[in-house]
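Please look through the sequence and the model shown below, and keep both in view while reading the report that follows.

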Amino acid sequence: MYGLKTESSFDASHFLTDYHGKCENLHGHRWRVVAYLEVAELQTEGTCKDMVVDFGDFKGALRSLTERLDHHFIIEEGSLAPDTLACLEREGFALFTVPFRTTAENLAKWFFDALAEMGLPVAQVDVYETPNNCAFYRKEA
Ligand SMILES: Nc1nc2c(c(=O)[nH]1)N=C([C@H](O)[C@H](O)COP(=O)(O)OP(=O)(O)OP(=O)(O)O)CN2
Ligand SMILES: [Zn+2]
């Protein structure tokens with residue numbers, strides 16, 4: 001088995017719906033995302049011969065995703081009253097709505113699925129909410 005690993009970070013705000021504690025309040029993180037690719041065999045020809053994929057393509061793919069979230073307010077769909085949402089939009093805040101509770105676990109799966117959709121052989125994605133707390137999502141063995 002061969003693998004690659006790259007990482008990218010982004011700053012974003014969020015809150016957890018139905019959470020009983022400080023994370024029910026709007027707050028921010030510098031999220032750190034670490035992604036892993038795995039393949040059984042390396043590429044056999046062309047510019048990527050003997051590579052899993054080109055590091056440049058891999059890091060570019062992950063960065064394109066973290067850039068979508070950077071300096072955004074990540075909002076679980078339906079978690080804010082429509083008029084609150086309208087006010088935020090009117091103020092020009094950068095919002096990113098997702099159809100799931102904004103836990104590190106769900107964000108790890110969001111990154112995993114997006115990298116897979118880009119055609120990368122993604123094996124695992126780690127999402128650090130704080131330097132010590134990390135959730136991961138990985139492919140079933
Ligand atoms: N399993 C998960 N647990 C929690 C998640 C999560 O995504 N998955 N998220 C949160 C909150 O978003 C929160 O921001 C994290 O808070 P906390 O663990 O309290 O982190 P701090 O570094 O701020 O904690 P201090 O020890 O107070 O510094 C909560 N749980
Ligand atoms: Zn948080």
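## Two histidines in one strand

In this predicted model, His29 has its place in strand E2, and His27 is found in that strand as well, which covers residues 27-39. Once the neighbours within four places in sequence are left aside, His29 is in contact with Ala12, Glu129 and Thr130, whereas His27, counted in that way, touches Ser13 and Phe15.

The exposure of these two histidines can be read from the C-beta atoms around them. His29 has 18 other C-beta atoms within 10 Å, and it therefore counts as partly exposed, because that class lies between the limit of 12 or fewer for exposed residues and that of 20 or more for buried ones. His27 has 11 C-beta neighbours inside 10 Å, so His27 counts as exposed.

## The annotated binding site

An unreviewed UniProt entry carries the annotation "binding site", and this annotation covers His14, His27 and His29. Although these residues are spread over 16 residues of sequence, they cluster in space, with a largest C-alpha distance of 8.3 Å.

## The surroundings of ligand 1

His27 is also one of the residues that surround ligand 1. The others in this shell are Leu16, Cys23, Thr103, Ala104, Glu105, Glu129, Thr130, Asn133 and Ala135, and Glu129 and Thr130 are, in addition, among the contacts of His29.

Sorted by class, the shell around ligand 1 is made up of four nonpolar, four polar and two charged residues. Three elements, namely helix H3 (104-117), strand E5 (122-130) and strand E6 (133-138), each supply at least two residues of this shell.

## The sheet and the helix across it

How are the strands of the sheet ordered? Six strands form an open sheet in the order E4-E3-E1-E2-E5-E6, and their pairing is mixed. The edge strands, each of which pairs on one side only, are strand E4 (95-98) and E6, and the twist from one strand to the next averages 35 degrees.

Strands E5 and E6, both of which contribute to the shell around ligand 1, run antiparallel and are joined by six bridges. Within this pairing, Tyr128 has Cys134 in E6 as its bridge partner. Helix H3, another contributor to the shell, lies across E2, E4, E5 and E6, and runs at about 145 degrees to E5. Strand E2, which H3 lies across, is also the strand in which His27 and His29 are found.

How values were computed: Residues numbered from 1 in each chain as written. Chains lettered and ligands numbered in written order. Predicted model: local features only at pLDDT ≥ 70, side-chain atom pairs only at ≥ 80, totals over all residues. UniProt positions renumbered as here; feature names shortened; annotations may be inferred. Helix = DSSP H or I, 4+ residues; strand = E, 2+ residues; numbered from the N terminus. Contact = placed C-beta atoms within 7 Å. Near = placed C-beta within 6 Å. Nonpolar A, V, L, I, M, F, W, Y, C, P; charged D, E, K, R; others polar. Pairing = 2+ DSSP bridges. Axes fitted to C-alpha atoms, helices over the stretch in contact; angles between N-to-C directions.
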